[in-house]
Amino acid sequence: MSRLVRAVSAACLSVAAWSAAPAWATVASGPQVAWQAAAADADIEKAFAQGKAEGKPVLVYWGAKWCPPCNQLKATLFNRQDFIERSKSFVAVSIDGDLPGAQKLGARFKVRGYPTMILFNTDGAEITRLPGEADAPAVMNVLQMGLAGGRPVKTVLTEARAGKPVTANEWRMLAFYSWDTDEAQLVPEAERAPMLAQLAGSCPANETETATRLLLKALVGQAELEPKAKPAIKVDAALRDRIKKLLADPAATRSQMDAVVNYAPELAKALAPTAGPDRQAMVAALDAALVRLQGDASLSRADRMSALIGRVDLARLDQPKEALKPKLPEALVKQVREEAARADREVTEGYERQAVITSAAHLLGEAGLWKDSDALLQASLPKSHSPYYLMSQLSGNAKKQGRKAEALSWSEQAFNKSEGPATRLQWGASYVATLVELAPQDEAKIEKTVAQLIREADGQQGAFYERSARSMQKVGDKLAAWNAKGQHKAVVERLRAQLNPVCAKLPAADAQRGACEGVLKKA
């Protein structure tokens, strides 16, 4: 769920399928989760101490106000009556990435992507990372397994790979572990696909669903490896037939919903690396499965919208990636328009709207409906609690279409409207990148913007930890490319003179010191 999904097909959904209350929407009307906000190590230690004293695990949620997947969790998981009731069994900790010490906590827990959910046992050891991309009932299932006294996933993985006894629930925990937010804690990213393939092959024969999920994750990982990398899985007709059989089974496809919805193009490429009959057959099978998921009222609206995005991405699979006007079936384009308009009319709740409308705008762009995408985003600005996110999308739309002045304007507005220390640095870094790419001659604006970011970083506690550190490093990398031939040396030297005192204030033993000093090193 940390990215927008992919897939294809052409069957139209009924209005009822999109507007009926889905099965997950058992929304709480009474007590809510007693989240404890954490902004420093002391807050975390207090939560761990409480957990130990009360014999409760600790669930840490890391997110941000603007993040669409975070808003999706708030709309579909955190307000579920069963989640609220279950929350009484653990200490719930919320880390907003814009709180003063949040980025330092991110470094402590090795979390980068929003959202990340980590379950710790009463001793403070990490049990597992919950899969934010899965639908709410699946997340609840994994949470329940962790609360039932499960062993840390690191221990389970070691023993499973060594062929030692692992329970059915532990195999399931491995399959539903949030590998997307693992940050190479269990295995390096390059080794993930082979490891998942090994687990899929070692999984007990009677655990078909778990083994299939591990296999799908391995295939996705294989598709994302470098072209010259050694394949982790042997792809042949038998494997393609196995996946087609899965995709033809509604119940089996539903149980693997997030893998199919979010990674349909990757699965198609992994199972049929080159264009031809095998690729066409796999795309057709994926497309048919996505049509069913798109019309499944038990899924959230955002997940069903993602299934439609997947269908469009599958239809574009063998077309140039940068194509602004892809060749798509007319029925599919018509449906894209209809479902985006329906979402705009029907989604009013703030959290859900931030998740769904941003996806709908992306969907329209992927279908080549740029005017519709722009119109939806602009009309949604006054309805969004984080309009700067939508402004960034408008900037991206304009940039793709070659409208430089408009792209720059929206990027600047997004930066100006952004809120929160970490978010300000992230949006500022994006604006600098846009300036360097589209207006490299505007030395004054580039210097002014970077100087402002340095001033803002100077006033923050954790400007050189985790996401904020990467934002500042992005600024440095863009300036290095901009000044590759020394043509902007004077500007860079003035900025360096401004940054040096900021770095000097940081204690020598603080990890931030090195990160700060490295920002303009290449430039």
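Phe 48 is buried, and Phe 120 is buried too (buried means under 20% relative accessible area, exposed over 50%, partly exposed in between, with a 1.4 Å probe and protein chains only). The model is a predicted one, in which local features need pLDDT of at least 70, side-chain atom pairs count only at pLDDT 80 or more, and totals for chains, interfaces and linings use all residues. Residues are numbered from 1 along each chain as its sequence is written, and side-chain values use heavy atoms, with hydrogens and water left out.

**Exercise 1. Classify the ring pair of Phe 48 and Phe 120, and place both residues in the fold.**

Step 1. A pair of aromatic rings is described by the distance of the centres and the angle of the planes. Rings of Phe, Tyr and Trp (its six-membered ring) pair if their centres lie within 6.5 Å; planes under 30 degrees apart count as stacked, over 60 as edge-to-face and the rest as tilted. The structure holds 16 such aromatic pairs.

Step 2. For Phe 48 and Phe 120 the centres are 5.2 Å apart and the planes stand at 75°, so this pair is edge-to-face.

Step 3. Phe 48 belongs to helix α2 (residues 41-54) and Phe 120 to strand β4 (residues 116-120), so the pair ties together parts 72 residues apart in sequence. Helices (H or I, at least four residues) and strands (E, at least two) are DSSP runs, numbered from the N terminus.

**Exercise 2. Repeat the analysis for Tyr 388 and Trp 427.**

Step 1. This aromatic pair is edge-to-face, with 5.3 Å centre to centre and 90° between the planes.

Step 2. Tyr 388 sits in helix α19 (residues 387-400) and Trp 427 in helix α21 (residues 421-438), so the pair ties together parts that are 39 residues apart in sequence.

Step 3. Tyr 388 has a relative accessible area of 1% and is therefore buried. Trp 427, at 6%, is buried as well.

Step 4. Ring pairs link Tyr 388 and Trp 427 into a cluster with Trp 62, Trp 66, Tyr 114 and Tyr 389.

**Exercise 3. Describe how helix α22 packs with helix α24.**

Step 1. Helix α22 (residues 443-458) and helix α24 (residues 489-504) pack at about 5°, with their axes 10 Å apart. Axes are lines fitted to C-alpha atoms, for helices over the stretch in contact, and angles run from 0 to 180 degrees between N-to-C directions.

Step 2. α22 and α24 are therefore roughly parallel to each other (angles under 35 degrees count as roughly parallel, over 145 as roughly antiparallel, 65 to 115 as roughly perpendicular and the rest as oblique).

Step 3. Residues in contact (heavy atoms within 4.5 Å) include Val 450, Ala 451 and Ile 454 of α22 and Leu 495, Leu 499 and Val 502 of α24.

Step 4. By class, the contact of α22 with α24 has seven nonpolar, one polar and five charged residues. Ala, Val, Leu, Ile, Met, Phe, Trp, Tyr, Cys and Pro count as nonpolar, Asp, Glu, Lys and Arg as charged, and the others, Gly among them, as polar.

**Exercise 4. Characterise the surroundings of Ser 468.**

Step 1. Ser 468 lies in helix α23 (residues 466-482).

Step 2. With a relative accessible area of 1%, Ser 468 is buried.

Step 3. Leaving aside neighbours within four places in sequence, Ser 468 is in contact with Gln 103, Ala 422, Leu 425, Gln 460, Gly 462 and Ala 463.
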